[in-house]
Amino acid sequence: MKKTLLIALTLGVSVAATSTMANTVDPETDRQQLVDYFKAKSPNIEFQEYANGAYIYSADKYAQWEAAEEFPPYLDAIDAGEAAWNKDQAVFEKCFGSDVSKIRPQYPYFDESTQQVVTLEGAINKCRTDAGLKPYKWKKGTLAQVSAFLAYNSRGQKIDVKIDSEGAKQAFNEGRELYITPRGQLNLSCAKCHTYNSGRMARANTLSPNLGHTSHFPVFRAKWQNLGTLHRRYGGCHKNMRATPFKAQSKEYRNLEFFQAYMSNGIEINGPGYRE
Amino acid sequence: MFSSNMKKLLTALAISSAVLVSPVTSNAADKGASSVEEGKKLAFSRSKGNCLACHMAGDGAMPGNIGPALIAMKLRYPDKQKLFDKIWGTPEAQNVPNSMMPPFGQNGILTDAEISKIVDYIYTL
């Protein structure tokens, strides 16, 4: 097992070294290697468990977290999201259809006409502004609540991001680049924490694996005492790295989400999630 | 061509002078307890070294385990300058692929004087 891990790690290094050449990485090969890497690292952790973040690495914390999920603090937020949806139902149904269980799994996707990644949150606000409604604020509040309502209604369906064009492949590679390149004063990259050191402790925090990172968003964090979107979390991690965060829904973060979601293909959607 | 050579030269100068400015020659005993105490504070402070995020060190509470425990430093680093260089992040000292260890001096996270004090402290561990 040690040997496999070492091979996986050196693979990571050689890939990182050539990463400046766009489009060198085949997304499906990359995803398969990541799955194999985590299997070698933790042979006893089932693939679907990666929906549960850092808790999979500690039986104690897992039990505490499962107890918290029985009466989760995000239920009010889901209700608020449903109320917001119903308030502008006619507008939303024109954009998304009337089956709320079929919406979350379609995002993120690569829009060939604009050559851009479209996220669920981005689509919600575009739907509003196209209809002359005010956009919600990014990162938290009503947007996160509507997103949570839609995630909740598609729990159990699998993440299934598709890449079948050069443009999509490019967006994936740009997200991947952002994920593995060290940034900021501490010289850290997302990969250093969430791939190479997942399962280890940064002070009292266990580092979660990037496999499954997007499955449970938006997340209710005890620390925030409310719901936050994936891009809010990205900004927080960039600040911890002492790097300048990008804006929520910037091209950079949409590509990062596209990369992370593709890497999590096959994992069940279980949002919203509760986290410390 | 010229500019890239120039750049290399400048980096080399910046690195060597940084190391020269702060040679770690005297030992902890000479500097007295105060440097060790200050070094400990710098090492534990979240906004300064924050070494505990990743390393077990002395009696520091809730250490992480991303890096190796900082123990027996004198034994492992008979040459104190090498320890300074490891924390400063000189190119030769950054020899572990994908390491989380931040290059504290190179990236201006800590001053050379602060790193020296931290070295004095962890040399007692």
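User: When does a residue count as buried, partly exposed or exposed?
Analyst: Happy to start there! Buried means under 20% relative accessible area and exposed means over 50%. Anything in between is called partly exposed.

User: This is a predicted model, so which class does Y109(A) fall into?
Analyst: Let's place its value between the two cut-offs, 20% and 50%. Y109(A) has a relative accessibility of 33%. That value lies in between, so Y109(A) counts as partly exposed.

User: And is Y107(A) buried or exposed?
Analyst: The relative accessible area of Y107(A) is 12%. The cut-off for buried is under 20%, so Y107(A) is buried.

User: What kind of aromatic pair do Y107(A) and Y109(A) make?
Analyst: Their ring centres are 5.5 Å apart, and their planes meet at 55°. Stacked needs planes under 30 degrees apart and edge-to-face needs over 60. An angle of 55° fits neither, so the pair is tilted.

User: What kind of pair do F44(B) and Y121(B) form?
Analyst: Here the centres are 5.9 Å apart and the planes stand at 85°. Because that angle is over 60, the pair is edge-to-face.

User: Which helices does that pair link in chain B?
Analyst: The two residues lie 77 residues apart, so to speak in distant parts of the chain. F44(B) sits in helix α3 and Y121(B) in helix α6.

User: How much area do chain A and chain B bury between them?
Analyst: In this interface, 18 residues of chain A are in contact with 23 residues of chain B. Carbon and sulfur atoms carry 51% of the buried area. The total is about 1600 Å².

Definitions and conventions. Residues numbered from 1 in each chain as written. Chains lettered and ligands numbered in written order. Predicted model: local features only at pLDDT ≥ 70, side-chain atom pairs only at ≥ 80, totals over all residues. Heavy atoms only, no water. Contact = heavy atoms within 4.5 Å. Buried area = accessible area lost by both parts, 1.4 Å probe. Phe/Tyr/Trp six-rings, centres within 6.5 Å; stacked < 30°, edge-to-face > 60°. Buried < 20%, exposed > 50% of the residue type's maximum accessible area, 1.4 Å probe, protein only. Helix = DSSP H or I, 4+ residues; strand = E, 2+ residues; numbered from the N terminus.
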